[in-house]
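User: I am new to this structure and would be grateful for a close look at one part of it. Please take the strands and the core around them, and set them in the context of the whole.

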Amino acid sequence: MRRVTPERSSGPFGRPAGCGWQFLRAISVAMRLAATGGGLAVGLLPRAAFAAARSPFSPSSPQAREIASLFWILIIVAGVIFVGVEGVLLYTAFAHRERPGRAPSQFTGNTRVEIAWTVGPAILLAVIFYLTVRTMGQVSAVAGDPLEIRVIAHQWWWEVRYPAEGVVTANEIHVPVGEPVLIHLESADVIHSFWVPQLAGKTDANPGHVNDLTFTASEPGVYLGQCAEFCGVEHTWMLIRVVAEPPAQFQDWVASQRRPAGTPSGLAAEGARVFQTQTCGSCHTIAGTAANGVAGPDLTHVASRATIGGGVLPNTPEAMRRWLADPQAVKPGALMPNFKLTPDEVQALAAYMESLH
Ligand code: HEC
Ligand SMILES: [Cu+2]
C-alpha cells in the first residue's frame, strides 16, 4: 500500500494532535456498554429465546429442522465476518494511529484489496442464496398423501376444518405423529400469520388467497404457536395448539369429533334452552341442533378443547362462567358481545358448554 504523509497532522474529530487516547477511550466505553448489554441479553436468554416450547431452536419436524440448520449456518457465517471485519478495523485504528512524533498513516487506493472485498462477498452471498432457495424447496415439498386441514384465521381465533374427515374445531389442531400434514391457510378478515416455531416457518393468512404449509411432527406433544402478524387489539390472544398424537389416538379423536352433540340433561338442558332463546346460534354452530352460525368457534365439542377464547382462559367450568358472564372483561374487543346474562343463566349455559365433549 502507498503511504501518504499528510501536510498537517490532526487527531480524530478534527481535534489538535495528541488526542489519540480519547479515541481509544471512546472505543473502551463502547466495548464496556456492549458487554453490559450482552450480559443482560444472556441473562434473559434461558427464559426468552430458549424456552423449549414455541422455540425455533428446538425443532420437532424435518421442516423446522431445515430452517434451524440454515439459521445456524447464517449465524456462524455472519459471526465470522463480524469478528474479521471488526478485528481488522480495530487493528487498523490502533496500529496506524497518531503517536508523538509520528503522523497517522494515510492510504489511498488498492486495486487488489478492492477486488477481493467485492468478489469475496459476492461468492458468499451466492452460496447463501443457494442454501436459502434449497431450504425453501425442502420445507415446501409435500410428502406422500398428506392429511389436509383448512385453517381460517379470524379476529382473534383460528377456525380449523378437516374436509375429508368432516371435523370442525377451533384453535386446537390435532395431527398424527409421523404423517405429513398439509395446511391450507386463509383469513376471514385481515392479514394474520400462522407460526408454530417447532413445526414450520411463519406463513401469512391472507383474505381471498390460500397459502399452503406442510410439516410432519416428529414426536408426540403439544406445540404452541401464535399469530405473528399484528391483526388488531387481541392479536396476542389468538394462540395455536398443535396436538401431535400417535395415529391410533388421532383416529379416536376424529371419531369423537364427528359425533353430533349429545342430548343435554339437568342443568345442561336448562343451558341449552338459554342458548336457543339468546342469539348464540347466529354466530356459533352446534352440530345436531338448529345453531349453525359461523362468525364464532364451532361449539359442538367445545368441552374437548384445552382452552377457550383463543387461549386467553383454560377450559375449566369456572373460566367458562367468567367468559359467558362477560367476554369483554376477559378479552376486551373480542367479537362476542356481553349478553348481560343473569348468574343463573350463566351457570346453566356453562353446564351446557361443559357437557359438549
Ligand atoms: C356476534 C357473534 C356471537 C354471538 C351472538 C355469540 N358469540 Fe360466542 N363467540 C363469538 C366469537 C367471535 C368468539 C371467539 C372470541 C375470541 O376468541 O376472540 C366466541 C367465543 C365463544 C366461546 C369460547 C369458544 C372457544 O372455543 O374459544 C363460547 C363458549 C361462546 N362463544 C359461547 C357463546 C354463547 C353461549 C352465546 C350466547 C349467549 C354466544 N357465544 C354468542 C361470537 C359470538
Ligand atoms: Cu392474528
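Analyst: The following account begins with the whole protein and then turns to the strands, the core and the ligand shell.

This is a predicted model, in which local features need pLDDT of at least 70 and side-chain atom pairs count only at pLDDT 80 or more, while totals for chains, interfaces and linings use all residues. Residues are numbered from 1 along each chain as its sequence is written, and chains are lettered from A and ligands numbered from 1 in the order in which they are written.

The protein contains 8 helices and 12 strands; helices (H or I, at least four residues) and strands (E, at least two) are DSSP runs, numbered from the N terminus. Of its 357 residues, 28% are buried. A residue is buried if 20 or more other C-beta atoms lie within 10 Å of its own, exposed if 12 or fewer, and partly exposed in between, with C-beta atoms placed from the backbone. Among contacts between residues at least 6 apart in sequence, 65% join residues at least 24 apart; a contact requires C-beta atoms, placed from the backbone, within 7 Å.

Strand β1 (residues 147–154) has two pairing partners to consider, where pairing requires that DSSP finds at least two bridges between the strands. With strand β5 (residues 181–187), β1 pairs in the parallel sense over 7 bridges, and Glu148 stands opposite Leu182 in β5. With strand β2 (residues 157–162), β1 pairs in the antiparallel sense over 5 bridges, and Arg150 has Arg161 in β2 as its bridge partner. A hairpin of 2 residues joins β1 to β2. Trp156 lies in this loop between β1 and β2, and a cis peptide bond, with omega about 0°, joins Gln155 and Trp156.

Strand β4 (residues 172–176) is mostly covered, as 5 of its 5 residues are buried. In a regular strand the side chains alternate between the two faces of the sheet. In β4 both faces are covered: Glu172, His174 and Pro176 are buried on one side, and Ile173 and Val175 on the other. β4 pairs with strand β10 (residues 239–245) in the parallel sense over 5 bridges, and Glu172 stands opposite Arg241 in β10.

Just before β4, Asn171 is found in the loop between β3 (167–170) and β4. Most residues other than glycine have a negative phi, and most peptide bonds are trans. The phi of Asn171, however, is positive, near 65°. Asn171 is buried because 20 other C-beta atoms lie within 10 Å.

The largest nonpolar core has 37 residues, of which Val151, Trp158, Leu199 and Val242 touch the most other members. Such a core is a set of buried Ala, Val, Leu, Ile, Met, Phe, Trp, Tyr and Cys residues joined through C-beta atoms within 7 Å. Leaving aside residues up to four places away in sequence, Trp158 touches Val151, Ala153, Ala170, Asn171, Met238 and Ile240. A second, separate core of 22 residues includes Ala261, Val274, Val346 and Ala351.

Finally, 30 residues surround ligand 1, and Cys280, Cys283, Gly296, Ile308 and Met336 come nearest; a residue is near a molecule if its C-beta atom, placed from the backbone, lies within 6 Å of it. The elements giving two or more residues to this shell are α6 (317–325) and α8 (343–355). At least three residues of the shell come from each of domain 2 (147–258) and domain 3 (267–355), with domain bounds taken from an automatic or database domain assignment.

Definitions and conventions. Contact = placed C-beta atoms within 7 Å.
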